[in-house]
Amino acid sequence: MQQAFYELADYLASRLQGDEVFLASFAGEESDFVRINHAQVRQAGSVQQRYMAVDLVRGQRHVKAVVTLSGEGNEDRKRVDAMLDDLRRQLPHVPEDPYLLYATDVRSTRRCGENKLPPRGQAVDEILKTGKGKDLVGLYTQGGIFAGFANSLGQRNWFSSHSFNWDFSIYHEKDKAVKSMYAGFAWDPDEFERKMCSVAEQLAILTRPARTISPGQYRVYLAPAALEDITGTLSWGGFSMKAHRTKTTSLLKMIAAGATLSPMVTIRENTKEGIAPDFQAAGYVKPDEVVLIEKGQYKDCLVSPRSAKEYGVVPNGASQAESPESLDVAAGDVPTAEVLDRLDTGLYINQLHYLNYSDRPGCRMTGMTRFATFWVENGHIVAPVNVMRFDETAYRVLGENLLGLTRERDFIPSASSYGQRSTGSTRLPGALVKGFNFTL
């Protein structure tokens, strides 16, 4: 794919006229998908797709289009020709863009992950064997993801990654289920078995009579997947330069009133250890990391080229959305094995859902518990808990009420495959929190 994309970029460069400039992005994948329900394969298929997006620039005017590629050279050159002719016709009729900014310092890179994926069917065979007799539902995905950038200035960037993702739930009855995920780059049967055994242990607890807990404030343990739901909501503009300058960020109190989080909290965009490309659509190469929150203090924003031009700052490789793609929350010092003892009495929360802001300027979120949430007494799980609604601020959960973060962290790649497989990921610990507020 890399060579074919570069050849198309060279061909596109040969067709430019006058002072035209192009910025081209490539997205492709070769993926296998297997959908499982009641521990049986219900749907299986493979996807191979390639797309090329071209932004044609002349001065401060630019227009963009996306073309689907076939992988056959002559055919793809014809498609590029037609797209370029169409863009050229549109270009004189669009207004100048005062915030257009793209990389002119040529920085070519290549980052290719090794393909250590299991043979087709191996992982699925193990999943079906382990799930036999259980109400197991999930989606298994594996394959290669590819991204590229090229411009008429001679810059060339390439990225590839080969990963798998088993996103699944095992149901006891109705809405009583345990949800989990096993993902990575090389299938480890021992790690897979450990994950499935952990789910089975929690599923056994779901057979006990469920408790309904009165509204109030409780000690809780937020497992990494639950904390990821909170940081994911926080990423809706929370770290965006545009949102900060327009005062629409949910972290407004940090930049306007000096509010802080706990000194235990450090959050960064960790491109080096993520699975997202280390470049973006305007040609800017991302730094290895951008520290967003350092020991509870606001540190930096994600800055796209457009925001950089508008506000007179330096871009740091962010996409136009200015949302983290490789979010990393630093580990704490609480051993995961001691979580229940340190929680003592309270709620063990595996996942949250339906999160939204109830007060964006105050960084207050509301949402519900989901799947396996348990009541813990004296360090022992005693019963599942019926669904509850919470309403909390990040300044309490990750600030004054944070008791500790776990030493071990989970790497959680996005399971999204809408349009194409996502390269987003988070790496984060679990969190012990006091006084977590439940309203219903």
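E322 is buried in this predicted model, its relative accessible area being 2%. The residue sits in the loop that runs between α8 and β12 (326-329). Its phi is near 55 degrees, which is a positive value in a residue other than glycine. A second residue of this kind is D344, with phi near 65 degrees, also positive in a residue other than glycine. D344 belongs to the loop between α9 (339-343) and β13 (346-359). With a relative accessible area of 35%, D344 is partly exposed, whereas E322 is buried.

The loop that holds E322 leads on to S235 through contacts. Apart from neighbours within four places in sequence, S235 is in contact with S323, P324 and L327. S235 itself lies in the loop between α5 (224-234) and α6 (241-245). Its relative accessible area of 10% falls under the 20% cut-off, so S235 counts as buried. Between S235 and V80 there are 36 Å in space, C-alpha to C-alpha, and 155 residues in sequence.

S323 also appears in the lining of the second largest cavity. This cavity has a volume of about 60 Å³. Its lining consists of E269, T271, K286, P287, V290, L302, N316, G317, A318, S319, S323 and E325. By class, these divide into four nonpolar, five polar and three charged residues. In total the structure holds five cavities of 30 Å³ or more.

The largest cavity contains about 200 Å³ of space. Of the 21 residues that line this cavity, S163, N165, S414, A415 and R421 lie nearest its centre. Two or more lining residues come from each of β5, β6, β7 (176-184) and β17 (402-413). β6 gives the largest share, four residues. The lining of the largest cavity has 10 nonpolar, nine polar and two charged residues.

T141 provides a link to this region. It is placed in strand β5 (residues 135-151). Beyond its neighbours within four places in sequence, T141 is in contact with D32, F33, S163, F164, N165 and R421. Among these contacts, S163, N165 and R421 are also among the residues nearest the centre of the largest cavity. T141 has a relative accessibility of 8% and therefore counts as buried.

Helix α3 (residues 122-131) can be read by its two sides. A123, V124, I127 and G131 are its buried residues. These cover an arc of only 95 degrees around the axis, which means that they are on the same side of α3. D125 and K129, on the other side of α3, are exposed. The cover over the buried residues of α3 includes β1 (21-37), β2 (40-58), β5, β6 (156-173) and α4 (189-206). Just after the helix, G133 takes a positive phi of about 85 degrees.

Strand β1, part of that cover, also takes part in the lining of the second largest pocket. The space in this pocket is about 1,100 Å³. Its lining has 43 residues, and those nearest its centre are S25, K64, Q280, A281 and S319. At least two lining residues are supplied by each of β1, β2, β3 (61-68), β5 and α8 (305-311). The largest share comes from β1, with six residues. The lining of the second largest pocket divides into 20 nonpolar, 15 polar and eight charged residues. S319, one of the residues nearest the centre of this pocket, also lines the second largest cavity.

S25, another of the residues nearest the pocket centre, is located in strand β1. Its relative accessibility is 18%, under the limit of 20%, so S25 counts as buried. Not counting residues up to four places away in sequence, S25 touches F5, Y51, M52, A53, G148, F149 and A281. One of these, A281, likewise lies nearest the centre of the second largest pocket, together with S25, K64, Q280 and S319.

F5, a contact of S25, leads to the aromatic residues. Ring pairs join F5, Y6, F26, F146 and W158 into a cluster. Across the whole structure, a search finds 22 aromatic pairs.

Technical notes: Residues are numbered from 1 along each chain as its sequence is written. This is a predicted model: local features need pLDDT of at least 70, side-chain atom pairs count only at pLDDT 80 or more; totals for chains, interfaces and linings use all residues. Side-chain values use heavy atoms; hydrogens and water are left out. Buried means under 20% relative accessible area, exposed over 50%, partly exposed in between (1.4 Å probe, protein chains only). Contact means heavy atoms within 4.5 Å. Rings of Phe, Tyr and Trp (its six-membered ring) pair if their centres lie within 6.5 Å; planes under 30 degrees apart count as stacked, over 60 as edge-to-face and the rest as tilted. The arc is that of the directions from the helix axis to the C-beta atoms. On a 1 Å grid over the protein atoms alone, a cavity is a set of points where a 1.4 Å probe fits but cannot get out, and a pocket is an open set with protein on both sides within 12 Å along at least five of seven lines; lining residues have an atom within 4 Å of a point. Grid points are joined across faces, edges and corners, and a volume is the space filled by probe spheres set on the points. Ala, Val, Leu, Ile, Met, Phe, Trp, Tyr, Cys and Pro count as nonpolar, Asp, Glu, Lys and Arg as charged, and the others, Gly among them, as polar.
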